[in-house]
Amino acid sequence: MTATKLVVDPRLAEAPEIVGGCRIIRLPKIADVRGNLSFIEGGRHIPFAIRRTFWIYDVPGGESRGGHGYRELEEFIIAASGSFDVTVDDGTHRQVVLLNRSYFGLYVPQLIWREIDNFSSNSVALILASLPYSEEDYLRNYEAFTRARRAGGK
Ligand code: TYD
């Protein structure tokens, strides 16, 4: 499967939808000479209520995180600092999205295979999730992921 890389133009309000219902969402940005401020309200700026937040940081050069899908969980991924690539795959198409601004992020619905790599030094991947942590929700094997997709998440 070949992957196209989507580099989002930060001047765009919304980028076109990408694979499997994933989409870039631009966040409010309050520009101020004292420093910029952005914010997210669950259910308003992103299409789910936030039940959990986690972040990935201090990633050694060349490492990759998050090679898995979720049965039910939806998430929103932001480059709170630095940059990284998120590869999203709906079982048929694969796309690589470069996140490099803290005022936009990538919405990932359930049943998408996703991996994060090419972390710049000192980058922080901030992830807002629709559910508490549950290992049962993970699809850690790509074949199991495609089977679950074909079965509609069952
Ligand atoms: P995981 O989501 O598997 O990260 P990756 O796919 O990048 O390897 O999480 C790594 C470990 O952290 C895993 O053992 C579960 C634990 N974990 C929690 O306990 N709570 C959480 O909210 C998350 C995201 C992970």
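Start with the whole chain and its contacts: of those with a separation of 6 or more, 74% join residues 24 or more positions apart. Keep in mind that this is a predicted model.

**Stop 1: the whole chain**

Show the chain as a cartoon. You will find 13 strands and one helix. Trace the chain along its sequence: the strands come one after another, and the helix follows them at the end.

Now zoom out. Along the principal axes, the C-alpha atoms fill a box of roughly 50 × 35 × 30 Å. The radius of gyration is 15 Å, which agrees with the value near 15 Å for a compact globule because the chain has 154 residues.

**Stop 2: surface and charge**

Turn on the surface. Its accessible area is about 8300 Å². Carbon and sulfur atoms hold 48% of that area. Of the 154 residues, 43% are buried.

Next, colour the charged side chains. There are 19 positive and 19 negative ones. The centres of these two sets lie 3 Å apart.

**Stop 3: the open sheet**

Go back to the cartoon. Pick out strands 1, 9, 8, 11, 6 and 13, in that order across an open sheet of six strands. The pairing in this sheet is mixed. Strand 1 and strand 13 (138-139) are the edges, each pairing on one side only.

Strands of a sheet pair through backbone hydrogen bonds, either parallel or antiparallel. The next stops show an example of each sense.

**Stop 4: strand 9**

Select residues 94-99, which make up strand 9. How many of its six residues are buried? Five are, so the strand is mostly covered, with buried meaning under 20% relative accessible area.

**Stop 5: the parallel neighbour**

Add residues 3-7, strand 1. Strand 1 runs parallel to strand 9, and five bridges link the pair. Label leucine 6 in this view: valine 97 of strand 9 stands opposite.

**Stop 6: the antiparallel neighbour**

Now add strand 8, residues 84-89. In which sense does strand 8 pair with strand 9? The pairing is antiparallel, over six bridges. Two facing pairs are worth labelling here. Aspartate 85 is opposite leucine 98 of strand 9. Valine 86 is opposite valine 97 of strand 9.

Valine 97 therefore links this stop to the previous one, as strand residues can face a partner on either side: leucine 6 in one pairing, valine 86 in the other.

**Stop 7: the turn**

Finish where strand 8 passes into strand 9. The two form a hairpin, with four residues between them. Select glycine 91 in the turn: its phi is positive, about 95 degrees.

How values were computed: Residues numbered from 1 in each chain as written. Predicted model: local features only at pLDDT ≥ 70, side-chain atom pairs only at ≥ 80, totals over all residues. Heavy atoms only, no water. Rg over C-alpha atoms; globule rule 2.2 N^0.38 Å. Buried < 20%, exposed > 50% of the residue type's maximum accessible area, 1.4 Å probe, protein only. Contact = heavy atoms within 4.5 Å. Areas by Shrake-Rupley, 256 points an atom, 1.4 Å probe, with all protein chains shown as cover. Lys, Arg positive; Asp, Glu negative; His and termini not counted. Charge placed at Lys NZ, Arg CZ, Asp CG, Glu CD. Pairing = 2+ DSSP bridges.
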